[in-house]
Amino acid sequence: MSANTKPFLVRLVRYVIKNPRYSLERLSIIVGQKLRGLETYKNVRQADLNIPQSAEPVLYESSGNSFLVKTLKNLNITSNDSIIDFGCGKGGALIKMANFPFKKIVGVEYSEFLYKIAQKNIKKLKLHHIQLFQGDAAAFKDLDDINYVYLFNPFGLATLHPVLENIKKSLKNNPRDLTLIYKNAVHHQAVINSGLFKKINQFKGENADFFIYKTIPKS
Ligand SMILES: C[S@@+](CC[C@H](N)C(=O)[O-])C[C@H]1O[C@@H](n2cnc3c(N)ncnc32)[C@H](O)[C@@H]1O
């Protein structure tokens, strides 16, 4: 056993002892996906993402698990709803969203490497109502029929600000109630400062919570 392997194993055992239920779920996701020829669960570091140097530091990690499902169950999704996952990675969260009656599900991913894996996963599962786009979330403006936005800490302020600005323009174009689900909301204050949203709820995640925001009605 190498010197590096031992601390990794110690950390792994500690993690499993601390989170027995989630560890079991993760194991079943890995085995289930291997059997079906899917792959969303492996983390990817910025260095391996192949996204432009100018992009902010990011990590790919999937939030497609039972915590996301529980959160969505609390939101009474109907077939009139449409959702976008900005920074959808390999599609782990999109696949869970497909268990709900969303009319439309959209994923936008900057990394071509991850986008191609997402395409493969979605094709394998025949989830034809999921639309995937490769590119910068800051440039994606086709939002007028979207009423749910999902963010799993995908980017920093340099991208979040234009994304919020695009949402604002879309709300002006087509006034409507919009729900923002933000997991690991490191830029909570920027969301509040946008003046568009108020936080209405919070649900537990395996290592970071989901903050739920609703648009503030115009008086
Ligand atoms: C933490 S992962 C979340 C993956 C997925 N949303 C989920 O919950 O399973 C964040 C993702 O955002 C992507 N990302 C980062 N900056 C982006 C940008 N400017 N435009 C689109 N995607 C971006 C990263 O490549 C990464 O796949």
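1. Charged side chains. In this predicted model, the protein chain carries 32 positive and 17 negative side chains. The centre of the positive set and the centre of the negative set lie 7 Å apart.

2. Surface and interior. About 12200 Å² of the protein chain is exposed, and carbon and sulfur atoms supply 54% of that area. Of the 219 residues in the chain, 47% are buried.

3. Overall architecture. The protein chain contains seven helices and nine strands. Its radius of gyration is 18 Å, close to the 17 Å that the globule rule gives for 219 residues, so the chain is as compact as a globular protein of that length. Taken along the principal axes, the box filled by the C-alpha atoms is roughly 65 × 35 × 35 Å.

4. Contacts across the sequence. How much of the contact network joins residues at least 24 apart in sequence? Among contacts between residues at least 6 apart, the share is 66%.

5. The largest nonpolar core. This core has 30 residues, and M97, Y150 and I181 have the most contacts inside it. Several elements each supply at least two of its residues: the helices α3 (66-73), α4 (92-97) and α5 (112-124), together with the strands β5 (130-134), β6 (148-152) and β9 (210-215). A second, separate core has 26 residues, including F86, L178, A185 and F197.

6. The surroundings of I181. Neighbours within four places in sequence are left aside here. I181 is in contact with T71, L72, L75 and I83. A further group of its contacts consists of Y148, V149, Y150 and L151, and F210, F211 and I212 also touch I181. One of these partners, Y150, is named with I181 among the residues with the most contacts inside the largest core.

7. Two buried residues with shared partners. Q33 is located in helix α2 (residues 20-36), while N121 belongs to helix α5. Are these residues buried or exposed? Q33 has a relative accessibility of 9%, under the 20% cut-off, and therefore counts as buried. N121, with a relative accessible area of 3%, is buried as well. Apart from residues up to four places away in sequence, Q33 touches L38, E39, T40 and Y41. With the same exclusion, N121 touches L38, E39, T40, K90 and I95. The residues L38, E39 and T40 thus appear in both sets of contacts. N121 and I95 are 26 residues apart in sequence, and their C-alpha atoms are 8.6 Å apart in space.

8. N65 and I29. N65 is placed in the loop between β2 (59-60) and α3, and at 1% relative accessibility it counts as buried. Beyond its neighbours within four places in sequence, N65 is in contact with Y22, E25, I29, K96 and E206. Its partner I29 is found in helix α2 and is likewise buried, at 18% relative accessibility. Which residues does I29 touch, not counting residues up to four places away in sequence? They are Y41, G64 and N65. I29 and N65 are 36 residues apart along the chain, and their C-alpha atoms are separated by 8.3 Å. Y41, a contact of I29, is also a contact of Q33.

9. The loop between β6 and α6. This loop holds both N153 and G156, and helix α6 spans residues 157-173. N153 is not a glycine, yet its phi is positive, near 25 degrees. N153 is partly exposed, with a relative accessible area of 27%. G156, by contrast, counts as buried at 14% relative accessibility. Leaving out residues up to four places away in sequence, G156 touches E56 and H187. G156 and H187 are 31 residues apart along the chain, with 7.5 Å between their C-alpha atoms.

10. A further positive phi. Where is N76 found? N76 is in the loop between α3 and β3 (82-86). Its phi is positive, about 50 degrees, although N76 is not a glycine. N76 has a relative accessible area of 62%, which is over the 50% cut-off, so this residue is exposed.

Note on methods. Residues are numbered from 1 along each chain as its sequence is written. This is a predicted model: local features need pLDDT of at least 70, side-chain atom pairs count only at pLDDT 80 or more; totals for chains, interfaces and linings use all residues. Side-chain values use heavy atoms; hydrogens and water are left out. Helices (H or I, at least four residues) and strands (E, at least two) are DSSP runs, numbered from the N terminus. The radius of gyration is taken over C-alpha atoms; the globule rule is 2.2 Å times the number of residues to the power 0.38. Buried means under 20% relative accessible area, exposed over 50%, partly exposed in between (1.4 Å probe, protein chains only). Contact means heavy atoms within 4.5 Å. Accessible areas come from the Shrake-Rupley method with a 1.4 Å probe; for residues, only the protein chains shown count as cover. Lys and Arg count as positive and Asp and Glu as negative; His and the chain ends are not counted. The place of a charge is taken as NZ of Lys, CZ of Arg, CG of Asp or CD of Glu. A nonpolar core is a set of buried Ala, Val, Leu, Ile, Met, Phe, Trp, Tyr and Cys residues joined through side-chain atoms within 4.5 Å.
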